[in-house]
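Hi everyone, thanks for coming. Could you all bring the structure up on your screens? I'd like to walk you through it from the inside out.

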Amino acid sequence: MCGVTGVINVEHAAIINRIMLHALQNRGRDGCGICVYDSSMSHFESKKFAGTVASNFTSKVLEEMPGEEGIGHTRYATVRNSSGKENLQPLHFHVGQVPFAIVHNGNFTNADTLEKDELKGTPFNAVSDTERFFRLILREHRSETSLGRSIAYALSKMLG
């Protein structure tokens with residue numbers, strides 16, 4: 001069980017996400033993260049910490065996170081040996097020229113199978129199912145498929 005938040009087109013997206021994550025803290029105390037996107041600078045700013053929202057997302061930390069779009073996550077690890085900061089969310093990447101950030105709550109029951117079959121040879125940074133989902137999107141997008149179709153393809157492959 002995890003907590004997931006998101007806002008678009010608001011001032012101080014990090015602060016709003018922090019407030020919402022604090023309200024969802026009961027859904028996960030293993031870690032927390034917020035990723036914001038500042039369109040004026042075409043820049044992601046992401047912070048992830050072990051522990052609780054209140055103890056990590058201080059005013060000082062939030063001041064360093066300008067942006068009007070953002071997502072957040074409180075973590076409760078449920079599968080695999082997933083301790084470690086690399087398994088905290090949100091994850092953010094660029095898919096081609098498109099900035100992309102993702103959070104996920106739940107388990108994909110076929111993540112291991114996909115890793116052995118469709119994602120064979122793919123380097124991973126973490127053991128999270130969310131990264132496997134993202135890697136499917138990225139792999140499909142490299143075949144000149146639109147980002148929307150790449151996401152739909154990845155969703156069609158994931159079970160759970």
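Let's begin with the largest nonpolar core, which has 16 residues. Keep in mind as we go that this is a predicted model. Which residues have the most contacts inside this core? They are Val95, Phe100, Phe133, Leu136, Ile137 and Met158. As for where the core residues come from, the elements that give two or more are the strands β5 (91-95) and β6 (98-102), along with the helices α4 (111-116), α5 (129-141) and α6 (147-157). Helix α5 gives the most, with five residues.

Here is some background for the first-years. In soluble globular proteins, nonpolar side chains tend to be buried together.

Now please click on Phe100. Leaving out residues up to four places away in sequence, Phe100 touches Phe44, Leu91, His92, Phe93, Val95, Phe134, Ile137, Leu147 and Ile151. There is also a second, separate core, made of twelve residues, and Val7, Leu21, Cys32 and Phe57 are among them.

Let's turn to helix α6. Which of its residues are buried? They are Leu147, Ser150 and Ala154. If you look down the axis of α6, these buried residues fall within an arc of 60°, so they line one face of the helix. What covers them includes β5, β6 and α5. On the face of α6 turned away from the buried side, you'll find the exposed residues Arg149 and Ser156.

Next, the charged pairs. How many salt bridges does the structure hold? The count is seven. One of them joins Lys157 to Glu118, with the closest N and O atoms 3.3 Å apart. Lys157 sits in helix α6 and Glu118 in the loop between α4 and α5, so this pair ties together parts that are 39 residues apart in sequence. Are these two partners buried, exposed or partly exposed? Lys157 has 29% relative accessibility, so it counts as partly exposed. Glu118 is partly exposed as well, with a relative accessible area of 24%.

Compare that with the salt bridge between Glu131 and Arg132, where the closest N and O atoms are 3.9 Å apart. The cut-off for buried is under 20% relative accessible area. Glu131, at 2% relative accessibility, therefore counts as buried, and Arg132 is buried too, with a relative accessible area of 3%. Salt bridges that share partners join Glu115, Glu131, Arg132 and Arg135 into one network. Another salt bridge in the structure brings together the side chains of Lys47 and Glu45, at 3.5 Å from N to O.

While we're talking about charged residues, have a look at Asp129, which is found in helix α5. At 6% relative accessibility, Asp129 counts as buried. If you'd like a distance to try on your own screen, go from the C-alpha atom of Asp129 to that of Glu63: they are 66 residues apart along the chain and separated by 31 Å.

Last stop, the surface. Which residues form a nonpolar patch there? Ile15, Ile16 and Ile19 do, and together they have about 240 Å² of accessible area. Ile19 lies in helix α1, which covers residues 13-23.

To recap the inside: α5 gives the most residues to the largest nonpolar core, and α5 is also among the elements that cover the buried residues of α6. Thanks for listening, and I'm happy to take questions!

How values were computed. Residues are numbered from 1 along each chain as its sequence is written. This is a predicted model: local features need pLDDT of at least 70, side-chain atom pairs count only at pLDDT 80 or more; totals for chains, interfaces and linings use all residues. Side-chain values use heavy atoms; hydrogens and water are left out. Patches are made of residues with over 30% relative accessible area and no salt bridge: like charges are joined within 9 Å, nonpolar side chains (Val, Leu, Ile, Met, Phe, Trp, Tyr) within 5 Å. Accessible areas come from the Shrake-Rupley method with a 1.4 Å probe; for residues, only the protein chains shown count as cover. A salt bridge is a side-chain nitrogen of Lys or Arg within 4 Å of a carboxyl oxygen of Asp or Glu. Helices (H or I, at least four residues) and strands (E, at least two) are DSSP runs, numbered from the N terminus. A nonpolar core is a set of buried Ala, Val, Leu, Ile, Met, Phe, Trp, Tyr and Cys residues joined through side-chain atoms within 4.5 Å. Buried means under 20% relative accessible area, exposed over 50%, partly exposed in between (1.4 Å probe, protein chains only). Contact means heavy atoms within 4.5 Å. The arc is that of the directions from the helix axis to the C-beta atoms.
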